[in-house]
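Colleague: Please take a close look at the nonpolar interior of this chain for me. I would like to know how it is put together, and how some other places in the chain compare with it.

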Amino acid sequence: MPAPTVFTIPIHRSFADSLAAGLLARTGDDRLALARTTILLPNNRAQRAITDAFVRRAEGGLLLPRLVSIGDVELDDRLGPALDPVEGEVVPPAIDPVSRQLILARLVGEARLATGAAIEAGEAVRLAVDLARTLDQLIVEEVSPDRLAEAVPAELSEHWQASLSILQVVLKRWPQELAKRGLIDLAERRNRLIDAATKRWTAHPPEGLSVAAGITAAAPAVGRLLKCIARLPQGMVVLPGLDRTMPDDEWQALGGGENSRPIETHPQHGLRLLLDRIGVGRGEVERWRHRGGVGTAPERARAISNAMAPAAFTDRWADLPARERRLSGVRAIELANPAAEAQAIAIALRHAIDTPGHVAALVTSDRGLAARVSAHLARWGIEADDSAGRPLSLSPPGTLLLAIADAAAEGFAPVALLALFKHPLVQAGEKRLDWLAGTRLLDEALRGPRPGVGLHEVTRYLEEMAPDALGWWRSEALPRLQALEAAFSGRLTLAGSLAALREAATAFAGDEAWNRPAGRAAAELVSALEAGAIDGPVLARAQGFPAFLKAMLDTVAVRPPQGGHPRVHIWGLIEARLQQADLMVLGGLNEGVWPSLPAPDPWLAPAIRATLGLPGLERRIGIEAQQFAAALGSPQVLLTRARRDARAPAVPSRFWLRLEAMTGGIAPARELRRWADAIDRPDDFTPAERPRPRPPVEDRPRRIAVTKLDRLKADPFAFYADAMLKLRSWDAVDADPSAAWRGSAVHQVFEAWIKHDGGDPAKLRPRAEALLTETAAHPVLRTLWAPRLLEAIDWVAAEVAADIAKGRRAVAAEVKGRIEIAGIALDGTVDRIDRLPDGSLAIVDWKTGKPPSKRAVAEGYSMQLGLLGLIAERGGFGEDLHDDPTIFEYWSLAAKAGDLGYRATPVGLNKQGEGIDPADFTTRAAAVLAAAVEAYLKGDAPFVAKLHPEYSPYGDYDQLMRLDEWYGRAARSDGA
């Protein structure tokens, strides 16, 4: 057997450029020799990197070699045509990935149903994704599913036993499903074609040069192919970043032993396993002598090797010479949060390309960080290609499909409905402004507690509450939703739901839903789902459809077409493995991001995986460690991390901690921090002063409501914003019933009871129950507030009955009144007026919470009852109610001393004669009102913000007054 020809390109050299330089040097002036060369690469993304490397070295043009991907099952890559010959053994086609997911989801759902645990379609797809990954690993590692029965430890927990029993049922049925269709798994087809190519090339070696380059996958079939290529007369294997200087004891430890497990988290573990399967010793691997592109000194590679040493050997760091621990050219920066990290990275990339010809790249697995950096680069007109792409579920067409599914599944609840209507693709173009105008009317109408479920209930709600929005709703919105509602309200089928989804997307967005790369990917996915729906999982409930759709959208990555800035790149970990840049920014170096958390396997316990010989779940960490080590080989490297993510403090990556521990501290990028801090810092920071508008006296209001006096005195600016600027706070869409809303409901009950039932205590509870039946659709109201309200209603009925027995009777409810006083109009609506036996009046105000205290009244606030009494005293409520009030009461429905409901009065004298005499309350209220009117409505006093914060607790206008900029430093001279 001929000696193997295996090379490695060290990590301090650019793999793609060095490979291209070496092959061009080998072929010399014979350009056709290069065209006859076949290069086998790990995946389709590597083809782009190698192609770019050859183009960079082209001088007047060249014929590229034949680039062939051996396929990556995790990326759904297909094998190149060179490994799929026309003649020879006929290998059945592979099943479409979407069809595979649907069938596996159905099988999982049926298997779970057989155990009495039915699951939704979305959960079935999620489990099917993990099952497909496990199935692929069994196929790639050539482990027969029949071995599962003998590989199960007796002490396995009940959970794993249940999962394994379902797995065995699915794996038994899966080959039957494939056989019915005449198809096989993509991984199985890949194995067969690779083995066929191995046999063919062994018997009949290719005429041209055959190179396996950059392949690190150690699957048995790949190992056999590379073993064949390494021994061809014109064949060679070129490995990326094999550590030829690693001490032998460390190298041997990677494979484990009798009493130790393999160190799968080490960056060299995969290469060691691959060499074992090729049948080549590490000492037989030669160094690639050619260099190209950017690179750095060999000492960098040695330092990286030391930093990534297995944990058991890190004690050797203390004895290393300084040159083997030094990472010159590597800097680090820690930022406060992901937003600051993205800002700093963008500045670093922009600064790097100031040097002519220099190339800068961000390498990260954090798609959110990549998106932020792209947005920051737009500040300088730089559009960077993000070659790793984004999930289809985060693209505009994907979010449109999810918005449609959510709206249908939630019965067109307000939030989901408005999210759909406001989507940027809906009615994009010249019709967009008219559409948004109608959507705004609907938005205004749907604020507050939600209407009933379904389009009919929304229409009925608009007829009663918002006739302005009704015309647009019926003409523009309703026709686009009716077919969707029909599909989700009848007998649910996956095919029918998908068809309704497709039609609704077209109705709302037209061609915009299916344009550009993301739109085309969405169209292809929906088409594939419709085609395979008959084999897919059962939709038990409409609410499960959005989860199913999102799970399928998440499986598709959308990559933008090339055409961004030629010298700024954003690479995923896969793209960065074979190429370098003058500046490599390694971003998101937090544990759980880089390296990412190992994907859990819900089907096979770790003990079963070890028995079967499958890779451990931590193999992924070793792969990402290899990618990290390769990226560290660039001339200039910037490591970045955020000290916290969106939820909590973040832990530095183990790779980051290793570098810090070995070097004693990575060189900080201090100037970058200064630039990042300074770029958005204004030259002069002048926070807003406390607002104190002073409009002309003639423009000030000449009327005031009894409920607005406190606002005028305590927060004059809020009164100004309300009464003069006419600004009103809005309820949230689909809001929980607020205190104001509950108060309005209570007032409706008592108003109807007094006006229509004559205040009969026996009729109060039936009246309240009738109202709650009509309006208590909200679950919070129905389950929490309604029972408490009815208990308080019973207390009111008992109190009223006792008052009637004493000759006191309610005579009016919700009566509006007005009087002229102090040169202005005073308006008020009284909740209830009772006639006392002596002919005087009692002024009653209903409260669902705690009523104002006597202290507040004594300090000149909470004068509402006194002002209402003043209106009654002066005949403002009509001649029938023109009498002196002698009783002022709050009837609270809140709890006190454990019971619901109590009376309170803001006036009265204690034993020491302190307090307000009820007979003087209206006079006191009139004086307080006159003073405020004289200062603010008839005078020119400024409307100062938050003059007395203790009596202005509401924050409706805090943002308008820019409270956070001045509160706490405002001058106290104005009484605040």
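Modeller: What follows starts with the interior, then turns to one residue in a strand and one surface patch. The model is predicted, so keep that in mind throughout.

The largest nonpolar core has 131 residues, and the members that touch the most others in it are Leu420, Phe421, Trp473, Leu481 and Phe545. Helix α5, residues 121–140, gives the most to this core, namely eleven residues. Phe421 shows what such a position looks like. Leaving out residues up to four places away in sequence, its contacts include Trp435, Leu442, Trp472, Trp473, Leu481 and Phe508. Arg432 and Thr439 are also among the residues Phe421 touches. There is a second, separate core of 51 residues, with Val706, Leu865, Ala941 and Met961 among its members.

Next comes a residue in a strand. Thr8 sits in β1, which covers residues 6–9. Its relative accessible area is 1%, so Thr8 is buried. The side chain of Thr8 comes to 3.1 Å from the backbone oxygen of Leu239. Beyond neighbours within four places in sequence, Thr8 is in contact with residues including Leu239, Pro240, Gly241 and Leu242, and also Val285, Glu286, Arg287 and Trp288.

Last is the surface. Leu725, Leu727 and Leu960 make a nonpolar patch of about 230 Å². Leu960 belongs to the loop between α34 (921–937) and α35 (963–966). Leu960 counts as partly exposed because its relative accessibility is 42%.

Key:
Residues are numbered from 1 along each chain as its sequence is written. This is a predicted model: local features need pLDDT of at least 70, side-chain atom pairs count only at pLDDT 80 or more; totals for chains, interfaces and linings use all residues. Side-chain values use heavy atoms; hydrogens and water are left out. Patches are made of residues with over 30% relative accessible area and no salt bridge: like charges are joined within 9 Å, nonpolar side chains (Val, Leu, Ile, Met, Phe, Trp, Tyr) within 5 Å. Accessible areas come from the Shrake-Rupley method with a 1.4 Å probe; for residues, only the protein chains shown count as cover. A salt bridge is a side-chain nitrogen of Lys or Arg within 4 Å of a carboxyl oxygen of Asp or Glu. Helices (H or I, at least four residues) and strands (E, at least two) are DSSP runs, numbered from the N terminus. Buried means under 20% relative accessible area, exposed over 50%, partly exposed in between (1.4 Å probe, protein chains only). A nonpolar core is a set of buried Ala, Val, Leu, Ile, Met, Phe, Trp, Tyr and Cys residues joined through side-chain atoms within 4.5 Å. Contact means heavy atoms within 4.5 Å. A polar contact is a pair of N or O atoms within 3.5 Å; within protein, one must be able to donate a hydrogen and the other to accept it, and residues adjacent in sequence count only if both atoms are side-chain atoms.
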